[in-house]
Amino acid sequence: MEAILTRVKLLQGDITKLNVDAIVNAANSSLMGGGGVDGAIHRAGGPVILDECRQIVARQGRCETGCAVITSGGNLPAKFVIHTVGPVWHRGSCNEDQLLANAYLNSLRLALENGIETIAFPNISTGVYGFPKERASHIAIESVTQFLSENDQIKQVYFVCFDEENYGLYNSFLNY
Ligand code: AR6
């Protein structure tokens, strides 16, 4: 476990500033942008990203909950954006835990397919989608560390917390 944790780093701030191979977007199924981190990524990355999202939707349809697609990073320092769709929280009655894990795991699978070695995640579903933050932090850390233990291509995963509450939760869970 300790060896795996050296490949996981906690940061606080704006994910759009990171110079990594890929940042992950907490998108919605339309892939047409929105508020929160999705809005910030499209604003900072410019219209190229939305254009590529449109082409993906035209080719393969909406991005269902738990699934992920990849575009370039446009004007971002990151080379790629992996857009995934977390679940809307419905008091745990709609398989939300598994769907959230799928969002992390399918993003990592897509990263592998694209030769990505460094990747940054926001706290998927914990904003507008209302997923309880502590529960989400456990799912995020467990699914990512499990994946890293089975694959060695990905050298560094950053959990990027924007708000104080998420940062505190990740900090205590990762035991820094
Ligand atoms: N960098 C890192 N994290 C951020 C940033 C940022 N620049 N801005 C916000 N966050 P949310 P969701 C954090 O609402 O809950 C959109 O409209 C924020 O503090 O962005 O998955 C989409 O289009 C929170 O912890 O995503 C969807 O419709 C986390 O990002 C919907 O929101 C996720 O909050 C998706 O909702």
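**Entry 1. Burial of L31**

I count a residue as buried when its relative accessible area is under 20%. The model I am reading is a predicted one. I looked up L31 and found a relative accessible area of 2%, so L31 is buried. I located L31 in the loop between β2 and α2. I then checked its backbone: phi of L31 is positive, about 60°, although the residue is not a glycine. I also took the C-alpha to C-alpha distance from L31 to F173, which is 31 Å, with their positions 142 residues apart in sequence.

**Entry 2. A positive phi at N95**

I noted a positive phi at N95 too, near 60°, and N95 is likewise a residue other than glycine. I placed N95 in the loop that joins β4 (80–85) to α4 (96–113).

**Entry 3. D21**

Is D21 buried or exposed? I read a relative accessibility of 15% for D21; the cut-off for buried is under 20%, and D21 therefore counts as buried. I found D21 in the loop between β1 (8–12) and β2. I followed its side chain to a polar contact with the side chain of K79, at 2.7 Å.

**Entry 4. Where the ligand sits**

I looked up the site of the ligand and found that it occupies the largest pocket. I listed 22 residues around the ligand, of which N28, G35, D38, S125 and G127 come nearest. I sorted this shell by class and obtained 8 nonpolar, 11 polar and 3 charged residues.

Which element gives the most residues to the shell? I found that α2 does, with 4 residues. I recorded that β2 (22–27) and α2 (36–45) each supply at least two residues of the shell.

**Entry 5. Polar side chains at the ligand**

I searched for polar side-chain atoms beside oxygen atoms of the ligand. For D38, I read 2.7 Å between a polar side-chain atom and a ligand oxygen. For T126, an N or O atom of the side chain is 2.9 Å from an oxygen atom of the ligand. For N166, the corresponding distance from a polar side-chain atom to a ligand oxygen is 3.4 Å. I then took the area of the ligand: taken alone, the ligand exposes 700 Å², and the protein buries 91% of that.

**Entry 6. Points kept together**

I return to D38, which has a polar side-chain atom 2.7 Å from a ligand oxygen and is listed among the nearest residues of the shell.

Key
Residues are numbered from 1 along each chain as its sequence is written. This is a predicted model: local features need pLDDT of at least 70, side-chain atom pairs count only at pLDDT 80 or more; totals for chains, interfaces and linings use all residues. Side-chain values use heavy atoms; hydrogens and water are left out. A residue is near a molecule or strand if one of its heavy atoms lies within 4 Å of it. A polar contact is a pair of N or O atoms within 3.5 Å; within protein, one must be able to donate a hydrogen and the other to accept it, and residues adjacent in sequence count only if both atoms are side-chain atoms. Accessible areas come from the Shrake-Rupley method with a 1.4 Å probe; for residues, only the protein chains shown count as cover. On a 1 Å grid over the protein atoms alone, a cavity is a set of points where a 1.4 Å probe fits but cannot get out, and a pocket is an open set with protein on both sides within 12 Å along at least five of seven lines; lining residues have an atom within 4 Å of a point. A molecule sits in a cavity or pocket if more than half of its atoms lie within 2 Å of its grid points. Ala, Val, Leu, Ile, Met, Phe, Trp, Tyr, Cys and Pro count as nonpolar, Asp, Glu, Lys and Arg as charged, and the others, Gly among them, as polar. Buried means under 20% relative accessible area, exposed over 50%, partly exposed in between (1.4 Å probe, protein chains only).
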